[in-house]
Every structure is written in C-alpha cells, then in structure tokens.
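Here is a short briefing to keep beside the viewer. Please open the structure and follow along from one topic to the next.

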Amino acid sequence: MKTAHVELSVPAEAAFARSVRMMAANLAVCLDMSVDDVEEVRMAAGEGFVFSCATEPEACAIDFTLSDQGISMDFSLGAALGDTDELKLARLLLAAVCDEFAIDQAAAKLHLMKRIG
C-alpha cells in the first residue's frame, strides 16, 4: 500500500470521542488489520483523544498515517501538559496497546503507532 494521510479536527470535547474512535477503527479496517488489532487501534485512538483533551487544546487535530507497517496517529496537545491522574492512566493504557508511544512537548504532539500483526 502506498502511504496515505488522513486529517481530522474535532472540538476537544468528550462528545466527539466516538467519532475519533470510529474513524481510527475504519482506517485500521482499510489496512486489513485483524479484529484484535482494529480493537487496539480503536482503544488507542480513544485514549489518545482523552489525553489530548486533558491538555486543554482549543481543538484536537489528529493526523492519521497509513502504511504497510500499520497506522500512526499524531494528536495535537494543549498547554496543560501536567501529570494529572487522568494523564497518568492514559499514559499507562497507551503504552500497553501501542507499539510506539511518545510525547513531543516541543511540537505539542502525542505520537501513537500500531503495527500490523
């Protein structure tokens, strides 16, 4: 598969979490990922959205990149990147379901990657 990019921007409000999860799951299906992998992508997208919202951005921009290796998601972050209990739990869950999990404070981005297989 040729690399594909999909961009999504939603208000940083809990009501939009389902839209983010469904978009991520649909893109994982486009990559012919297994049912388990699709579920992990869906979970990672939801937790990534929660993480982003907890940092208080005006809106949450998500850049999805699809490739032969899998799907990556880059979430925009706000300025409130502290160490709250909510962020601690999200970090724990993301580290468990993602193959890559990184926070770039300088770029204000959360990077997640789920590989195929």
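The points below cover the sheet, the helix packed on it, two backbone details and a surface patch.

This is a predicted model. At its centre of interest here is an open, antiparallel sheet of five strands, ordered β1-β2-β3-β5-β4. Helix α2 packs on that sheet, and a nonpolar surface patch is formed by Leu89, Leu92 and Leu93.

**The sheet**

- The five strands follow the order β1-β2-β3-β5-β4, and their pairing is antiparallel.
- Which strands stand at the edges? They are β1 (4-11) and β4 (100-104); each has a single partner strand, so one side of each has no neighbour in the sheet.
- On average, neighbouring strands of this sheet are turned by 15° against each other, direction ignored.

**Helix on the sheet**

- Helix α2, spanning residues 35-54, touches β1, β2 (59-66), β3, β4 and β5.
- The direction of α2 makes about 10° with that of β3.

**Strand pairs to look up**

- Seven bridges pair β3 (residues 70-76) with β5 (residues 109-115) in the antiparallel sense.
- Within this pair, glycine 70 is found opposite arginine 115 of β5, and isoleucine 71 has lysine 114 of β5 as its bridge partner.
- β4 and β5 also run antiparallel, joined by five bridges.
- Alanine 102 has its bridge partner in β5, namely histidine 111.
- A hairpin is formed by β4 and β5, with four residues between them.

**Positive phi outside glycine**

- As background, most residues other than glycine have a negative phi.
- Where does alanine 108 lie? It sits in the loop between β4 and β5, and its phi is positive, near 55°.
- Alanine 108 counts as partly exposed because its relative accessible area is 24%, and the partly exposed range runs between 20% and 50%.
- Aspartate 32 also has a positive phi, of about 60°, although it is not a glycine.
- The loop that holds aspartate 32 lies between α1 (17-30) and α2.
- Aspartate 32 is exposed, since its relative accessible area is 68% and the cut-off for exposed is over 50%.

**A nonpolar patch on the surface**

- Together, Leu89, Leu92 and Leu93 have about 280 Å² of accessible area in their nonpolar surface patch.
- Leucine 93 belongs to helix α3, which covers residues 85-97.
- Is leucine 93 buried or exposed? It is partly exposed, with a relative accessible area of 30%.

Technical notes
Residues are numbered from 1 along each chain as its sequence is written. This is a predicted model: local features need pLDDT of at least 70, side-chain atom pairs count only at pLDDT 80 or more; totals for chains, interfaces and linings use all residues. Side-chain values use heavy atoms; hydrogens and water are left out. Patches are made of residues with over 30% relative accessible area and no salt bridge: like charges are joined within 9 Å, nonpolar side chains (Val, Leu, Ile, Met, Phe, Trp, Tyr) within 5 Å. Accessible areas come from the Shrake-Rupley method with a 1.4 Å probe; for residues, only the protein chains shown count as cover. A salt bridge is a side-chain nitrogen of Lys or Arg within 4 Å of a carboxyl oxygen of Asp or Glu. Helices (H or I, at least four residues) and strands (E, at least two) are DSSP runs, numbered from the N terminus. Buried means under 20% relative accessible area, exposed over 50%, partly exposed in between (1.4 Å probe, protein chains only). Two strands pair if DSSP finds at least two bridges between them. Axes are lines fitted to C-alpha atoms, for helices over the stretch in contact, and angles run from 0 to 180 degrees between N-to-C directions. Contact means heavy atoms within 4.5 Å.
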